[in-house]
Amino acid sequence: MTTSAAGPVPGSFEVDRSAEVVAASFARTADPRLREVLDSLVRHLHGFVKDVRPTVAEWEAAVAFLTATGQTCDDVRQEFILLSDVLGVSMLVESLNQAAGDGLTEATVEGPFHQIPSPPRRLGDDINVAGRPGEPCLITGRVVDRVGRPVAGATVDVWQADASGFYDVQRPGELAPGELRGLFRSDADGRFHFRTIVPAHYPIPTDGPVGDLLRATGRHEYRPAHVHVAVAAPGLRSLTTHLFVAGSPYLDSDAVFGVKDSLIVDFARVDDPARAAAAGLPNPFRHADFPVVLDRAEGAKGPAS
Ligand code: BEZ
Ligand code: FE
C-alpha cells in the first residue's frame, strides 16, 4: 500500500492489489448484475495481464488489433462476432445457455449469413430456386416438444451455402437474394420437408483482423458443410442450430467450434426411381432426416419431462 505523510492511502494503485482497487471503484454500481460482471471482468483481466506481462508495445499492438476489429465492422460485417466465434466464445455462450440433455436438439452458432429474411415457402419446395449445380437432396424432419408431442405450425427457417461454398449474400451479382433459403411451417404432425442441394464446406471471411489472427497462428479458416436451421413455436424455446453433413471435411476442426456430434447427420444416397419421383428429385438423390426436439420456453407451463 502506498504511504503518504498522513499514512497509507487505501485506494492507491498497487500491482499486488490492482484488481481489488479497481473492483472497489465499481462497488456502488446500482445494478447488481452489472456489478457482478464488472467485478469478475476486472479480476480476470488483471489476472491475464499479470500472467502474460505484456510490454507496452505488445499492449499497444493488442489495442490496435481490437481497433482494427471494430473498424472492420459495418451494417453487415461483424468482425467482433467473428472474433468471438474463432475464440470459441460464441459456442461457449450458446452451450451455457442451452438447457442440458433430455434429448433436446442442441444449439450452435447462428453465423453472419442470416442477414436477409428467408422467403416463405411451401412444404416440399426446392430452395435451390435457380437450379444451381449440386447433388440433389431431400431434407425431412419433425418438430416435437420434450415429451414427444408434435409441434404444428412451427417456423423452420433454413439457409445454406451452395455446392461451391457461397451464400447468396456473398455473391450478389451471381446469386439472387433468397436462393438457398426458405421459411417453412411444420404440418399438423410437426413434419417439414424441402428440396435442395448438398452444401459444400467453406471458409469464414479472412480479409480482416480475424484472418490475420488465423494466419499468425497457423489455423485454417474452414467450416464443415452444413445447413442452418432456426425453429420457433409459441410456448417453446427457439432453437438456432445446424445439420452438419456426415463425412464433410473439417468436422473435427471447425474454425468456429460449432460442431456437436448430435448434429452430424447422414446425407444418405438413395437410388430409387419411385422415391425420387415422389420427392420431385432426379434419381439418385441424397436424403437427410433431422428430428428437432424443442424445450419449453422459460416460464411456460407444461410437462416437466
Ligand atoms: C456460418 O456458418 O455461416 C458462420 C458461422 C460463424 C462464422 C462464420 C460463418
Ligand atoms: Fe454457415
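Q: What makes Y167, Y202, H226 and H228 donor residues of the iron ion (ligand 2)?
A: In this predicted model, the iron ion (ligand 2) is coordinated by the OH atoms of Y167 and Y202 and the NE2 atoms of H226 and H228, at 1.9 to 2.1 Å. A donor is an N, O or S atom within 2.8 Å of the metal. These atoms therefore count as donors. Along the sequence the donor residues follow the spacing Y-x34-Y-x23-H-x1-H.

Q: How do you know that the pair Y167 and H226 links distant parts of the chain?
A: Y167 is in the loop between β4 (155–160) and β5, and H226 is in strand β9 (residues 226–232). The two are 59 residues apart.

Q: Why is the site of the iron ion (ligand 2) called irregular?
A: The site has six donor atoms, with angles of 53 to 165° among them. Six donors count as octahedral if opposite donors are over 155 degrees apart and all others between 65 and 115. An angle of 53° fits neither condition, so the site is irregular.

Q: Why is Y167 called buried?
A: Its relative accessible area is 0%. Buried means under 20%, so Y167 is buried. H226 also has a relative accessible area of 0%, and therefore H226 is buried by that cut-off.

Q: Which residues are around ligand 1?
A: Among them are the iron donors Y167, Y202, H226 and H228. The list also includes L82, D85, F113, R223 and V256.

Q: What makes the approach of Y202 to ligand 1 a polar contact?
A: A polar side-chain atom of Y202 lies 2.6 Å from an oxygen atom of ligand 1. The limit for a pair of N or O atoms is 3.5 Å, so this pair counts as a polar contact. An N or O atom in the side chain of H226 is 3.0 Å from an oxygen atom of ligand 1, and for H228 the value is 3.0 Å. Taken alone, ligand 1 exposes 270 Å², and the protein buries 100% of that.

Q: How do you know that H242 is buried, and what does its side chain contact?
A: H242 lies in strand β10. Its relative accessibility is 0%, under the 20% limit, so H242 counts as buried. Its side chain makes a polar contact with the side chain of R223 at 2.8 Å. R223 is also one of the residues around ligand 1.

Q: What makes β5 and β11 edge strands?
A: They belong to an open sheet of five strands in the order β5-β4-β9-β10-β11, with mixed pairing. β5 (181–185) and β11 (264–265) each pair on one side only.

Q: How do you know that β10 and β11 pair?
A: Two bridges join strand β10 (residues 239–245) to β11, and the strands run parallel. Pairing needs at least two bridges, so β10 and β11 pair. The bridge partner of F244 in β11 is I264.

Q: Why is strand β3 called mostly covered?
A: Nine of the ten residues of β3 (residues 136–145) are buried.

Q: Which strands pair with β3?
A: β6 (residues 191–197) pairs with β3 in the antiparallel sense over seven bridges, and there L138 has R195 as its bridge partner. β13 (residues 285–289) pairs with β3 in the parallel sense over four bridges, with I139 opposite A288. β14 (residues 292–294) is also parallel to β3, over three bridges, and V144 stands opposite V293.

Q: Why is D74 called partly exposed?
A: Its relative accessibility is 48%. Buried means under 20% and exposed over 50%, so D74 is partly exposed. D74 lies in the loop between α3 (56–71) and α4 (79–86).

Q: What makes the side chain of D74 a partner of backbone nitrogens?
A: A polar atom of the D74 side chain lies 2.9 Å from the backbone nitrogen of V76. For the backbone nitrogen of R77 the distance is 2.6 Å. Both values are within the 3.5 Å limit for a polar contact.

Q: Is L180 buried or exposed, and what is its phi?
A: L180, in the loop between β4 and β5, has 1% relative accessibility and so counts as buried. Its phi is near 60°, a positive value in a residue other than glycine.

Notes
Residues numbered from 1 in each chain as written. Chains lettered and ligands numbered in written order. Predicted model: local features only at pLDDT ≥ 70, side-chain atom pairs only at ≥ 80, totals over all residues. Heavy atoms only, no water. Buried < 20%, exposed > 50% of the residue type's maximum accessible area, 1.4 Å probe, protein only. Polar contact = N/O pair within 3.5 Å; in protein donor to acceptor, adjacent residues only side chain to side chain. Donors = N, O, S within 2.8 Å, 3.2 Å for Na, K, Ca; no water. Tetrahedral: all angles 85-135°; square planar, octahedral: opposite > 155°, others 65-115°. Near = heavy atom within 4 Å. Areas by Shrake-Rupley, 256 points an atom, 1.4 Å probe, with all protein chains shown as cover.
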